[in-house]
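Work through the exercises below with the structure open. Each one gives a task and then a solution in steps.

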Amino acid sequence: MTRQVYVPNFDVYLNDSKLSNDLKSRISSVTINDDLDAPSSFNFNFDTVDLKLGKWVGLDLDVFDIGDKVDIYLGMDQTKEVFSGKIDSLSASFGDQSSLTVSGFSWLHALTFGTQTQVYQDTTDSDIAQTVARRNNLSAETDSTSTRYQQVTQNNQSDLQFLLARAKRIGYDVAATEKSLIFKKSQEGDAPVATLQFGIQLDDFSATVNNLDQGSSVEVRGWDMMKKQQFAGSASSGDEDSKMGKNEAGFSLASQSSATVIQTSDPVDLNNANTIAKDKYNERLLGFITGQGSCLGNNNMTAGKTVEIKGVGSKFSGTYYLSSVTHTLNSQGYSTSFSVKKTAI
């Protein structure tokens with residue numbers, strides 16, 4: 001039987017035009033970093049020396065410039081878009097291997113520019129996301145939220161800082177494309193986008209089981225201004241968003257219980273307090289197992305998705321949540337490194 005050989009490949013589109021083969025051949029390495037709580041970033045190294053013509057290439061901002069749109073495709077044989085954004089910096093170095101390092105961020109980076117102070121009244125979190133999208137000339141892709149707040153204040157925060165904080169309270173993720181702002185539920189319970197077998201696709205993997213010392217039960221207290229009385233929402237065992245195919249959630253194995261009480265003015269009613277408590281409980285639960293690994297380049301892996309790890313024993317094999325992913329393509333090939341979290345074992 002003939003073994004199939006896969007060849008690492010990449011393409012770069014600059015301002016929607018595919019980079020010529022001559023310019024592409026000057027790129028020696030490509031790196032893309034994808035993280036849940038920050039805009040994705042990229043960099044690639046571009047050879048600036050033309051020995052044949054005895055001149056520099058790309059140093060006069062005639063090839064790359066700040067603000068240029070960049071789309072990067074990676075893959076084994078067949079490529080797939082893994083990054084879209086803009087160039088943010090150009091760094092030239094001169095020596096035995098003179099080069100230009102081209103770096104930039106995804107479209108989400110635009111929401112870090114400047115700060116806003118604004119009061120949103122009689123609104124939901126998905127309404128707020130739509131308002132922020134319009135302010136940034138974007139359409140909005142949102143999962144609807146039902147809790148309505150009398151008033152929410154964005155206090156001298158960037159739009160990204162503000163939206164990430166709102167999303168984190170209710171178990172949502174924030175992302176963006178060139179034309180859309182995305183505000184949707186976390187995908188930690190979704191099916192894995194890749195399966196990695198140790199010794200085949202998976203080169204190395206390490207995982208740590210942590211003794212969770214905060215949040216085995218969470219109580220969120222608020223104050224009803226109309227009724228002049230306190231209310232409290234709660235979450236504990238049984239409120240897991242996902243056990244990721246396992247039976248024993250992290251708090252069931254903790255050395256002792258660790259109840260957490262949060263006093264806040266944020267919840268508007270008991271239902272909202274329960275939602276916040278459940279999110280806080282699951283946020284802490286995701287710290288039960290943390291890990292890192294590297295594998296053969298896989299362009300399906302992005303932060304916020306899940307991956308299945310196989311061949312590392314019955315306890316450590318299973319589905320993990322990707323918290324960060326780094327794609328690297330260079331002379332040694334195409335590889336993907338990643339960090340993961342898991343709620344149960």
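The exercises treat strand pairing and then the contact between two domains of this predicted model.

**Exercise 1.** Determine how strand 3 and strand 4 are paired and what joins them.

Solution.
- Step 1: Take the bounds, which are residues 27-35 for strand 3 and residues 38-47 for strand 4.
- Step 2: Count the bridges; there are seven, and the pairing is antiparallel.
- Step 3: Fix the register with one pair: I32 has F42 in strand 4 as its bridge partner.
- Step 4: Look at the connection, a hairpin that passes through two residues.

**Exercise 2.** Find how strand 4 pairs with strand 9, and name a residue pair that stands opposite.

Solution.
- Step 1: Strand 9 covers residues 99-106.
- Step 2: Strand 4 and strand 9 are antiparallel, with seven bridges between them.
- Step 3: For the register, F44 is placed opposite V102 in strand 9.
- Step 4: Combine this with the previous exercise: strand 4 pairs with strand 3 and also with strand 9.

**Exercise 3.** Describe the hairpin of strand 17 and strand 18, including its turn.

Solution.
- Step 1: Strand 17 spans residues 217-224, and strand 18 spans residues 229-235.
- Step 2: Seven bridges hold the two in an antiparallel pairing.
- Step 3: W223 faces Q230 of strand 18 in this register.
- Step 4: Four residues lie between the strands, and K228 in the turn has a positive phi of about 55°.

**Exercise 4.** Strand 21 pairs with strand 15 and with strand 22; establish whether each pairing is parallel or antiparallel.

Solution.
- Step 1: Strand 15 (residues 195-197) runs parallel to strand 21 (residues 306-310), with three bridges.
- Step 2: Here Q197 is opposite K310 in strand 21.
- Step 3: Strand 22 (residues 318-330) is antiparallel to strand 21, over four bridges.
- Step 4: In this second pairing E308 is opposite T319 in strand 22.

**Exercise 5.** Characterise the contact between domain 1 and domain 2 by distance, contacting residues and buried area.

Solution.
- Step 1: By the domain assignment, domain 1 is 113-185 and domain 2 is 214-287.
- Step 2: Their C-alpha centres are 23 Å apart.
- Step 3: Seven residues of domain 1 contact eight residues of domain 2.
- Step 4: The two domains bury about 700 Å² between them, and carbon and sulfur atoms account for 45% of it.
- Step 5: On the domain 1 side, T147, K168 and R169 provide 62% of the area buried against domain 2, more than any other three residues.

**Exercise 6.** Which side chains form the salt bridge between K168 and its partner, and what else is known of the polar contacts and composition there?

Solution.
- Step 1: The count of salt bridges between the two domains is one.
- Step 2: The side chains of K168 and E283 meet in a salt bridge at 3.7 Å, N to O, inside the 4 Å cut-off.
- Step 3: Two residue pairs are in polar contact between domain 1 and domain 2.
- Step 4: Helix 3 (residues 159-170) gives the largest share of the domain 1 side that touches domain 2, three residues.
- Step 5: Sorted by class, that side of domain 1 has three charged, two polar and two nonpolar residues.

Technical notes
Residues are numbered from 1 along each chain as its sequence is written. This is a predicted model: local features need pLDDT of at least 70, side-chain atom pairs count only at pLDDT 80 or more; totals for chains, interfaces and linings use all residues. Side-chain values use heavy atoms; hydrogens and water are left out. Two strands pair if DSSP finds at least two bridges between them. Domain bounds come from an automatic or database domain assignment. Contact means heavy atoms within 4.5 Å. Buried area is the accessible area (1.4 Å probe) that two parts lose on being put together, summed over both. A polar contact is a pair of N or O atoms within 3.5 Å; within protein, one must be able to donate a hydrogen and the other to accept it, and residues adjacent in sequence count only if both atoms are side-chain atoms. Ala, Val, Leu, Ile, Met, Phe, Trp, Tyr, Cys and Pro count as nonpolar, Asp, Glu, Lys and Arg as charged, and the others, Gly among them, as polar.
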